[in-house]
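Hi,

Here is the structure I promised to pass along. Have a look at it when you get a moment, and my notes follow below.

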Amino acid sequence: MKNSIDISKLKRNSKILMETEDTVYEITVSAPKSCSVTVNGGIRFLRPTKAKINGSIKKGSSGKKTKLKDNHIEKGKSVQFSYKDKDSSNSVITSPVKSATVYAPDNSWHYDAIEKDKDENTDKA
């Protein structure tokens with residue numbers, strides 16, 4: 001089982017449905033080599049927003065963030081997006097990734113690239 005997605009290896013218009021500890025993001029890859037995407041979800045991306053996936057980040061015990069893999073989404077790690085909003089450049093770091101599904105550009109197939117842990121699949125009522 002793979003626990004990461006290399007954005008640069010996906011095809012243009014591939015979609016990723018990524019679930020983090022806090023929210024779900026819908027990501028469409030617009031330029032794989034530069035990791036340019038359109039992202040929608042969470043409180044920062046209420047509308048589809050052009051952004052770049054910088055890579056996976058792990059938050060250390062001291063609160064310091066360490067970039068682990070450029071251009072990747074990894075299970076258990078946060079994802080850093082950068083985007084421009086009017087006159088300023090911004091960065092968003094998600095909560096840790098729980099799961100992600102990749103969809104073909106024409107939606108003819110999909111696969112669970114990052115699967116939830118078995119104990120995460122049960123609802124706690």
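In the hairpin of S4 and S5, which residue takes a positive phi? That residue is Gly42, with phi near 70°, and the hairpin has three residues between its strands. Please keep in mind that this is a predicted model.

S4 seemed a good place to begin. This strand covers residues 36-41 and shows two faces: Val37, Val39 and Gly41 are on the covered face, while Ser36, Thr38 and Asn40 are on the uncovered one. In a regular strand, side chains alternate between the two faces of the sheet.

S4 also has partners. With S3 (residues 24-31), S4 pairs in the antiparallel sense over five bridges. With S5 (residues 45-59), S4 again runs antiparallel, and five bridges join the two strands. Val37 is a handy residue to follow across the sheet: Val29 stands opposite Val37, and Val37 in turn stands opposite Ala51 in S5.

The hairpin of S3 and S4 has its own positive phi. Four residues lie between these strands, and Cys35 takes a phi near 60°.

Away from the hairpins, there is some charge to look at. Lys2, Lys9, Lys33 and Lys69 gather on the surface in a patch of positive charge. One of them, Lys9, sits in the loop between S1 (4-6) and S2 (15-20). Is Lys9 buried or exposed? Lys9 has a relative accessible area of 66%, so it counts as exposed, the cut-off being over 50%.

Happy to talk it through whenever suits you.

Best wishes

Definitions and conventions. Residues numbered from 1 in each chain as written. Predicted model: local features only at pLDDT ≥ 70, side-chain atom pairs only at ≥ 80, totals over all residues. Heavy atoms only, no water. Patch = residues over 30% accessible without salt bridge, like charges linked within 9 Å, V, L, I, M, F, W, Y side chains within 5 Å. Areas by Shrake-Rupley, 256 points an atom, 1.4 Å probe, with all protein chains shown as cover. Salt bridge = Lys/Arg side-chain N within 4 Å of Asp/Glu carboxyl O. Lys, Arg positive; Asp, Glu negative; His and termini not counted. Charge placed at Lys NZ, Arg CZ, Asp CG, Glu CD. Buried < 20%, exposed > 50% of the residue type's maximum accessible area, 1.4 Å probe, protein only. Pairing = 2+ DSSP bridges.
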